[in-house]
Amino acid sequence: MDARTAATLPTPAAGAPAAAATDASSASSKPKPCCVCKDEKSRRDECMLFSNAKDPAADCKSLVDQYKTCMLGYGFKV
């Protein structure tokens, strides 16, 4: 390969920043489900795990609804 041929070939690094920028912008617009509503999730989980009620789901319904509402605010359907 001579100098002219090497100069005309695209390098992987030249195309990578554009692709990385696109991925980063889409990732930053919608966070991962595990990273949002942490407080609501922990309160819901604690209620479900430590509830002494016969039906923990009914006992913790308000916390479950709060968590669902929070997740929906970020675009996640739970």
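**Close-up 1. C47 and C60 form a disulfide.** In this predicted model, the sulfur atoms of C47 and C60 sit 1.9 Å apart. C47 belongs to helix α3 and C60 to the loop between α4 and α5, so this pair ties together parts that are 13 residues apart in sequence. Twist-wise, the torsion about the S-S bond is about -90°, so the disulfide is left-handed. Both ends are tucked away: C47 is buried with a relative accessible area of 17%, and C60 is buried at 0% relative accessibility.

**Close-up 2. C37 and C70 make another disulfide.** Here the S to S distance is 1.9 Å. C37 lies in the loop between α2 (12-29) and α3, while C70 is in helix α5 (residues 61-73), so the link ties together parts that are 33 residues apart in sequence. This link is left-handed, with -95° about the S-S bond. C37 counts as buried at 7% relative accessibility, and C70 does too, at 18%. The count for the protein comes to two disulfides. Number the bonded cysteines along the chain, and the pattern reads 1-4, 2-3.

**Close-up 3. C34 and C35 stay unbonded to each other.** Why is there no bond here between C34 and C35? The sulfur of C34 is 3.5 Å from its closest cysteine sulfur, the one in C35, and that is too far for a bond, because a disulfide needs sulfur atoms within 2.5 Å. C35 is in no disulfide. At 47% relative accessibility, C35 counts as partly exposed.

**Close-up 4. S51 sits in the loop between α3 (38-50) and α4 (56-59).** Is S51 buried or exposed? It's buried, at 16% relative accessibility. The S51 side chain reaches the backbone nitrogen of A53 at 3.2 Å, and a polar contact of 2.9 Å joins it to the side chain of D59. Skip the neighbours within four places in sequence, and S51 is in contact with E46, P56, D59 and C60.

**Close-up 5. Six residues build the largest nonpolar core.** Its members are V36, C37, Y67, C70, M71 and F76. Zoom in on V36: leaving aside neighbours within four places in sequence, V36 is in contact with P31, M71, Y74 and F76.

**Stepping back. The whole protein has five helices and zero strands.** Along the sequence, that gives α-α-α-α-α. Of its 78 residues, 14% count as buried. The protein exposes about 6100 Å², with carbon and sulfur atoms supplying 60% of that.

Methods. Residues are numbered from 1 along each chain as its sequence is written. This is a predicted model: local features need pLDDT of at least 70, side-chain atom pairs count only at pLDDT 80 or more; totals for chains, interfaces and linings use all residues. Side-chain values use heavy atoms; hydrogens and water are left out. Helices (H or I, at least four residues) and strands (E, at least two) are DSSP runs, numbered from the N terminus. Buried means under 20% relative accessible area, exposed over 50%, partly exposed in between (1.4 Å probe, protein chains only). Accessible areas come from the Shrake-Rupley method with a 1.4 Å probe; for residues, only the protein chains shown count as cover. A polar contact is a pair of N or O atoms within 3.5 Å; within protein, one must be able to donate a hydrogen and the other to accept it, and residues adjacent in sequence count only if both atoms are side-chain atoms. Contact means heavy atoms within 4.5 Å. A nonpolar core is a set of buried Ala, Val, Leu, Ile, Met, Phe, Trp, Tyr and Cys residues joined through side-chain atoms within 4.5 Å.
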